[in-house]
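User: Can you walk me through a few spots in this fold? I'd like to start with one residue and then move outward.

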Amino acid sequence: MFYCYFLSAAHFVDKEETVITVHCHDFTKKCFILHEIYTLPSISRKAELRSRLAELQLQLSGPQQTLGIVGDGNKEKMKRQVENAPETLSSQTPPASKILKGEAESKAAGTPAPAARQRAAGGNEGDTAGPQDATESAKVSLQSRDESGCSPEELLRQEEAEFSSLTASWEKARFRLRLLVGHNDIVTSVVAVDNLVVSGSRDTTVKVWHVPTATEQKNLGGHTGGVTCLSAPPLECCRRLARSLSLSDKERFILSGSADCNVKIWALSIGQCVKSIYTFNAVTALSFAPEGDGYIITGSDGGKVQAWSWHTFQNCQSVKAHEEAVTSIQSQGPLVFSGSAEGGVSVWENRRSEREPLKLLHHWSSQVTGLSGGPGSRLTLSPRGDRVVLAYGRASIKILHWRTGVISRLTNHSSITGVTDCVHQTGGILIGSCYDLANGESSLNLFSLPQCRYLASLTWPDAPRILCFAAWTTGSGDHRWVTGGRDLIVWEQLPSSGKNRGDVTVKRNSLMDTTVLESEGDTEEDEDTNDYEDNEDGGAEEDGSPGSWLRCVLQ
């Protein structure tokens, strides 16, 4: 918010006084506010008036100075501000224009990370408060009530009531589990399309499943190496490709990447491969970027990030972006995020150009993310808004503010022997898989968004380790999930009013009741997790790195 100030004056000759009124126009609320009235005995006090007006303006607008016009006034106005403390995850992904606009504003403001600012200040708690402290106090007093008219205390009580209601609803949640039998090896990737689930496996096949009947609908064979990743283009992009192939406008397509260096495009209704792209490298990650004409973004075992035209299927760009294998690629509006085995995260802008459409905005190394492993490690990403949730086979989940590099940690297991293989955000909740290397127990942990507060844990007898996850909601708002790993399982949420017992046990772990804490690196607990590695029999073996997953998939 910002303000515009002006004066109005009325002079009374008989009293030899001038009444000065200070007006403030709040451009956010579009209203005039009468701030202060001055009565001056004579014009000679004009200098005093100017001084008082300057003080008032500083108190009212001091903290918002970063929201003014940047530079010479020809640049765009700042609409956002990087706060001093790490923010919580936003519950909804902002529009594409706002994402990039926020990136430009963050650079223009030049705001360092909170930890960096604290180190640069070098002050102690007992130091004398400076001008910024005074303006912050003014900001608190001016913003004691939000636009809804609620005080901070009222908002806090409302938030606690909503969280308690959400926790109670999840404690009563019931799910029916259905096992999808057909793959002969580990399921490495899953996606959901309409009423279909598509799974890729190390057995080299892609299978299509009909969810309502839990039956295999199609078996798509053609890869000669293990399938490592899947992606589903949006409907409009599918229509364009279907028209070019003289297929029905209702045709849906699936992309599959494999260790055989190929990306295949499958038409689901006819069960055929309509296009195969040879990438010259084992494909370890894959995503579809719908901006512009559409691009297929792939990651390789050698650290390359490549872009392929959805129109011509030709290579548009090839960049050596990471030191180790790219294990996760996700798109969000005009942004593409890539994560690698060495723990680094890169953020790209899709410029929609025919050549080199990806422009690198940020690269955060393992020294920033606090995630370091080896060639066999696996990093998975789940971006939303200004945050990227990271899973790296540790007991905790990391949250990266991709504009500033600020890292927060969220506890996902009460023991250092717990590992997180995948994370997903859906329907206002964050879901993290959890597997205990010591006792073989597996579960899904749920956290509320945007606060990232622990809700509940879901488990069932003999639950296998979960390596991949997909989710959607029905028309009635019920959750449908599919998890993959040793087993492929569909989760169907049952009505709360029904009498059928669910297959899943819902429980709460008091040790998980924690908040997001800022961190600048690994803790001892995180590093100790590296001493365990899951072998092919499901047990824990001591090794120097946590990553049997990638070696397992590529074999």
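Analyst: We'll take a threonine, then a sheet, then a helix. Keep in mind that this is a predicted model.

User: Where is threonine 369 found?

Analyst: Threonine 369 sits in helix α7, which covers residues 366–369.

User: Buried or exposed?

Analyst: Buried. The relative accessible area of threonine 369 is 1%, so it counts as buried, under the 20% cut-off.

User: What is threonine 369 in contact with, leaving aside neighbours within four places in sequence?

Analyst: Gly343, Val345, Trp364, Leu390, Lys398 and Ile407. Also, a polar atom of the threonine 369 side chain lies 3.3 Å from the backbone nitrogen of leucine 371.

User: New topic. What is the strand order in the open sheet of four strands?

Analyst: The order is β4-β32-β31-β30, and the pairing is antiparallel. β4 (175–179) and β30 (466–473) are at the edges with a single partner strand each, so one side of each has no neighbour in the sheet. On average, neighbouring strands are turned by 20 degrees against each other, direction ignored.

User: How many bridges join β4 to β32?

Analyst: Five, with the two strands running antiparallel. Among the bridge partners, leucine 179 is matched with isoleucine 489 in β32.

User: And helix α5, which residues are buried there?

Analyst: Phe163, Thr167 and Trp170. Down the axis of α5, the buried residues fall within an arc of 65 degrees, so they line one face of the helix.

User: What do the buried residues of α5 pack against?

Analyst: Several strands, including β4, β28 (442–448) and β31 (479–485).

How values were computed
Residues are numbered from 1 along each chain as its sequence is written. This is a predicted model: local features need pLDDT of at least 70, side-chain atom pairs count only at pLDDT 80 or more; totals for chains, interfaces and linings use all residues. Side-chain values use heavy atoms; hydrogens and water are left out. Buried means under 20% relative accessible area, exposed over 50%, partly exposed in between (1.4 Å probe, protein chains only). A polar contact is a pair of N or O atoms within 3.5 Å; within protein, one must be able to donate a hydrogen and the other to accept it, and residues adjacent in sequence count only if both atoms are side-chain atoms. Contact means heavy atoms within 4.5 Å. Two strands pair if DSSP finds at least two bridges between them. Axes are lines fitted to C-alpha atoms, for helices over the stretch in contact, and angles run from 0 to 180 degrees between N-to-C directions. The arc is that of the directions from the helix axis to the C-beta atoms.
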